[in-house]
Amino acid sequence: MKAGDVLEPLEIEVTRTLIVAGAIASRDYQDVHHDAELAREKGPPDIFMNILTTNGLVGRYVTDRLGPSTVLRKVAIRLGAPNYPGDTMVLGGTVTAVGDDGTAEVSIVGTNALGRHVTGTVAVTVGGARTPAAGGLPSAPEGAA
């Protein structure tokens, strides 16, 4: 992996079930995430995905693309166009930096029919590298999995 590498896109069908399940799983009981009638009364045409579901999908995308030894260190996202039921969100990413210690930064963009749903960056540790904690953890020996 090197700076400039482009990750394979991921298409996610935005279903009513995904939106509601994500809201329930993240304990976000705002009616705009599960009640279409109440959502419409507040202005949107339908329920829409919450930021915590999007955050989880971004994390899943990066770890799926970079492999099972990838550890998320920081996810910083900003929402734009809402994800409504019946749409498809396409996540894409580009590696923007890679450190000698196995850390990397990935720029993320997720789009739907309305435009950009999510933008941001994800910092990861890849390939079994460890970030020193208080007292310092040694790096994994070369060749260790």
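Which residue forms a salt bridge with Lys 2, and how far apart are the closest N and O atoms? The partner is Asp 5, and the closest N and O atoms are 3.0 Å apart. Lys 2 is exposed, its relative accessible area being 53%, whereas Asp 5 counts as partly exposed at 23%. The model in which this pair is found is a predicted one, and the paragraphs below proceed from its overall architecture to individual residues.

The protein chain has three helices and five strands. Read from the N terminus, these elements follow the order β-α-α-α-β-β-β-β. The chain has 145 residues, of which 34% count as buried. Its accessible surface comes to about 8200 Å², and carbon and sulfur atoms contribute 54% of that area. Among contacts with a separation of 6 or more, 64% are made by residues 24 or more positions apart.

Helix α3 offers a first example of such long-range contact. Leu 57 is located in this helix and counts as buried because its relative accessibility is 10%, under the 20% limit. Leaving aside residues up to four places away in sequence, Leu 57 touches Ile 12, Leu 18, Met 49, Met 89 and Leu 91. One of these contacts, Leu 91, is 34 residues from Leu 57 along the chain, with 8.8 Å between the two C-alpha atoms.

Helix α3 also carries a salt bridge. The side chains of Arg 60 and Asp 64 meet at 3.3 Å, N to O. Because Arg 60 and Asp 64 are four residues apart in helix α3, about one helical turn separates them. Both ends of this bridge have intermediate accessibility: Arg 60 is partly exposed at 39%, and Asp 64 is partly exposed at 44%.

The loop between α2 (36-41) and α3 (51-66) contains Asn 50. Is this residue buried or exposed? Asn 50 is buried, with a relative accessible area of 2%. Its side chain makes a polar contact with the side chain of Ser 26 at 3.0 Å. Beyond residues up to four places away in sequence, Asn 50 touches Gly 22, Ala 23, Ser 26, Asp 28 and His 33. Ser 26 thus appears both as a polar partner of Asn 50 and in its list of contacts.

The loop that holds Asn 50 also holds Phe 48, a member of an aromatic pair. A search of the whole structure finds one aromatic pair. It consists of Phe 48 and Tyr 84, arranged edge-to-face, with 6.4 Å centre to centre and 85° between the planes. The pair links distant parts of the chain, since Tyr 84 lies in the loop between β2 and β3 (87-98), 36 residues from Phe 48. Tyr 84 is buried, with a relative accessible area of 18%.

A further link from the loop between α2 and α3 is ionic. The structure holds four salt bridges, and one of them joins Lys 42 to Asp 31, the closest N and O atoms being 2.9 Å apart. This pair, too, links distant parts of the chain: Lys 42 belongs to the loop between α2 and α3, Asp 31 to the loop between α1 and α2, and they are 11 residues apart. The two partners differ in accessibility, as Lys 42 counts as exposed at 54% and Asp 31 counts as buried at 16%.

The loop between α1 (16-25) and α2 includes Arg 27 as well. Arg 27 is exposed, with a relative accessible area of 67%. What is notable about its backbone is phi, which is near 60°, a positive value in a residue other than glycine. Most residues other than glycine have a negative phi.

The surface completes the picture. Ile 51, Leu 52 and Leu 79 make a nonpolar surface patch of about 240 Å². Leu 79 lies in strand β2, which spans residues 71-79. Why can Leu 79 take part in such a patch? Leu 79 is partly exposed, with a relative accessible area of 34%, and so it passes the requirement of over 30% for patch residues.

Note on methods:
Residues numbered from 1 in each chain as written. Predicted model: local features only at pLDDT ≥ 70, side-chain atom pairs only at ≥ 80, totals over all residues. Heavy atoms only, no water. Patch = residues over 30% accessible without salt bridge, like charges linked within 9 Å, V, L, I, M, F, W, Y side chains within 5 Å. Areas by Shrake-Rupley, 256 points an atom, 1.4 Å probe, with all protein chains shown as cover. Helix = DSSP H or I, 4+ residues; strand = E, 2+ residues; numbered from the N terminus. Buried < 20%, exposed > 50% of the residue type's maximum accessible area, 1.4 Å probe, protein only. Contact = heavy atoms within 4.5 Å. Polar contact = N/O pair within 3.5 Å; in protein donor to acceptor, adjacent residues only side chain to side chain. Phe/Tyr/Trp six-rings, centres within 6.5 Å; stacked < 30°, edge-to-face > 60°.
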